[in-house]
Amino acid sequence: MKKNIFVALDFNSLEKAIDVTKKIKEYIAGVKIGTELYAICGAHGLKKFKEELGVEVFLDLKLGPEIPNQVRKTVAAIESLKSVKYLTVHISGDYEMLQAAQEATESIELLGVTVLTSQSDLQKIGIKNSVRDQIKLLVNLAIKSKISGIIASPQEIELARSLSKDLKIFCPGIRGEEDKKHDQKRVMSYNDFSRIADDKCFAVIGRPIIEGDPVQNIKKIIQSVK
């Protein structure tokens, strides 16, 4: 079974997050821990996922835009925990900030945030580029900075691959075939994602798995691939 799903543990309870992970860990590539759960579990909780459950941890803190030295120190502190495989930073923080983040770690793979999947009109925040042009600009900056990968919607996989064959691509906004509820605009079914994803592409799925019966939910999603 191809394991290319990171489950987004969007909980405010460490106990719930661990319980769900135990049930589905054989089906997943790892877990994504965002700011809400990290605020609850901290370093102690991160160690539980890595050391007790044996799952890869993707820590989604979206560091930056920030002073490069501050990002360097934050990444170094997370590196010292020895519990995190992937960590997100904003590519828009610029090349110097990304370099500082890279210099602070040997074991963590940095993933650069391009354009959030909840955003479809960048002009509302003062960016004149289209979503596509902005993503192209940011992916090129990620390549220049030599970070490991990017966060982008599944609709941008083809664009990112045209610029780099090596970047890992983590895609939020992946849904089950029947799922209609989401707070993201640029989305795709897991079936469609699987048709275009290569071995360096990963689906990030939260609500469609963790709401209800997580085992049945993830089985249904995996089995939806035709």
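Five aromatic residues, Phe6, Phe58, Tyr86, Phe170 and Phe202, come together in one aromatic cluster. Keep in mind as you look around that this is a predicted model. Across the structure you can find eight aromatic pairs. One of them joins Phe6 to Phe202, with the ring centres 5.7 Å apart and the planes at 85° to each other. That pair counts as edge-to-face because the angle is over 60 degrees. Now trace the chain between these two residues: Phe6 belongs to strand S1 (residues 5-8), while Phe202 belongs to strand S10 (residues 201-205). They are 196 residues apart, so this pair links distant parts of the chain. Are these two rings buried or exposed? Both Phe6 and Phe202 are buried.

Next, some rings with a charge over them. Go back to Tyr86, a member of the cluster, and you'll see Lys85 lying over its face, 5.9 Å from the ring centre. Tyr95 has a charged neighbour too: the end of Lys144 sits over its ring, at 4.6 Å from the centre.

Finally, hop over to Lys200, in the loop between helix H7 (190-196) and S10. Why does Lys200 count as partly exposed? Its relative accessibility is 33%, so it falls between the buried limit of 20% and the exposed limit of 50%. Which residues does Lys200 touch, leaving out those up to four places away in sequence? They are Arg161, Lys165, Asp166, Leu167, Lys168 and Ile169. Take Leu167 as an example: it is 33 residues from Lys200 along the chain, yet their C-alpha atoms are separated by 7.2 Å.

Key:
Residues are numbered from 1 along each chain as its sequence is written. This is a predicted model: local features need pLDDT of at least 70, side-chain atom pairs count only at pLDDT 80 or more; totals for chains, interfaces and linings use all residues. Side-chain values use heavy atoms; hydrogens and water are left out. Rings of Phe, Tyr and Trp (its six-membered ring) pair if their centres lie within 6.5 Å; planes under 30 degrees apart count as stacked, over 60 as edge-to-face and the rest as tilted. Helices (H or I, at least four residues) and strands (E, at least two) are DSSP runs, numbered from the N terminus. Buried means under 20% relative accessible area, exposed over 50%, partly exposed in between (1.4 Å probe, protein chains only). A charge sits over a ring if NZ of Lys or CZ of Arg is within 6 Å of the ring centre and within 35 degrees of the ring normal. Contact means heavy atoms within 4.5 Å.
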